[in-house]
Amino acid sequence: MDLERYRRQMLVKEFGKDGQEIISKKYVVIIGCGGLGSNSSDILTRLGFGRIDVVDDDLVELTNLHRTSIFNEEDVGQYKSQILEEKLQKINSEIKVSGINKKITKENIQTTVKNADIILDGTDNMHTRFLINDISIQNGIPWIYAGVYSTVGMVMGIRPKQTPCLKCISQSIPKKTSETPVLGNLPLTTASIECTETVKMLLGKQPSGLIIYDIWKQQFEQINIKRNPTCGCCEKEIFEFI
Ligand SMILES: [Zn+2]
């Protein structure tokens, strides 16, 4: 592998040549390839992660284009996972990108993530997030929760049995009443925070807790939440979604 393309990145003292070599051997599975997942996959491809799977069964729609930097009008009507594989592989031919055209379910999530070093949340619903949370805790695979709503992005890196899990901070699935509002540039900013947490966790650093960024008010909050000692998932190991 030629590291020259990463020269400027390796100058970052927190990251360095060691960090580059470590991430070049890491395998990331991104579940969901809308605004968050597509932007995250683009960022991780350029950073130089060794292997990236992008998992989604949706088609690119015109209404996706305001919040992603990688799809264009010609991609409308085609599968997101396939378009991403083609485009990302052209951005970085030294890594392995696989587009996986499937909807994540409790039946297929185990085989989809079993060898992953980390799972990234690119989904748009809490049910799939709780499913990822269950499989993460059960198999000891770290994951990064991320979500966007209107002008607010949230990110939390989860290291099984060391940091709070999603169930520690959210017990139930809120009822979805209508289409989620999203300012177009919010997913890219949130994906960027999500990818920083990914790099840090894979370099053995502690995740930064629950990060909440309001892109309209330009307010950034970092909340240190403790594990819930009665959490049904990471304490009692009751995996109700799988
Ligand atoms: Zn928990």
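Four donors count as tetrahedral if all angles lie between 85 and 135 degrees. That criterion serves the opening stop of this tour, which is made through a predicted model.

**The zinc ion**

Begin by selecting the zinc ion together with Cys-165, Cys-168, Cys-231 and Cys-234, whose SG atoms are its protein donors. These donors lie 2.3 Å from the zinc ion. The angles that the four donor atoms subtend around the ion run from 98 to 121°, and the arrangement is therefore tetrahedral. Along the sequence, the donor residues follow the spacing C-x2-C-x62-C-x2-C.

Next, keep Cys-168 and Cys-234 highlighted. Cys-168 belongs to helix α7 (residues 166-169), whereas Cys-234 is in the segment after β8 (219-223), so this pair ties together parts that are 66 residues apart in sequence. Are these two cysteines buried or exposed? Both Cys-168 and Cys-234 are buried.

**Strand β7**

Now select residues 210-214, which form strand β7. Five of its five residues are buried, so the strand is largely enclosed by the rest of the structure. Display the side chains to see which way each residue points: Leu-210, Ile-212 and Asp-214 face one way from β7, while Ile-211 and Tyr-213 face the other way. The residues on both sides are buried.

**The partners of β7**

Add strand β6 (residues 152-158) to the selection; β6 and β7 run antiparallel and are joined by five bridges. To locate one point along this pairing, select Val-155, which stands opposite Ile-211 in β7.

Then turn to β8, which also pairs with β7 in the antiparallel sense, over five bridges. Which residue in β8 is the bridge partner of Asp-214? That partner is Gln-219. The hairpin of β7 and β8 has four residues between the strands. Within this hairpin, select Gln-218, which takes a positive phi near 55°.

**Tyr-149**

For the last stop, select residues 143-149, strand β5, and pick out Tyr-149 within that strand. Tyr-149 has a relative accessible area of 51% and is exposed, because the exposed class begins over 50%. With neighbours within four places in sequence left aside, Tyr-149 is in contact with Thr-180, Pro-181 and Leu-186. Finally, draw a distance between the C-alpha atoms of Tyr-149 and Asp-124: the two residues are 9.9 Å apart in space and 25 residues apart in sequence.

Technical notes
Residues are numbered from 1 along each chain as its sequence is written. This is a predicted model: local features need pLDDT of at least 70, side-chain atom pairs count only at pLDDT 80 or more; totals for chains, interfaces and linings use all residues. Side-chain values use heavy atoms; hydrogens and water are left out. Helices (H or I, at least four residues) and strands (E, at least two) are DSSP runs, numbered from the N terminus. Buried means under 20% relative accessible area, exposed over 50%, partly exposed in between (1.4 Å probe, protein chains only). Contact means heavy atoms within 4.5 Å. Donors are N, O and S atoms within 2.8 Å of the metal (3.2 Å for Na, K and Ca); water is not among the atoms, so sites may look incomplete. Four donors count as tetrahedral if all angles lie between 85 and 135 degrees; four count as square planar and six as octahedral if opposite donors are over 155 degrees apart and all others between 65 and 115; anything else is irregular. Two strands pair if DSSP finds at least two bridges between them.
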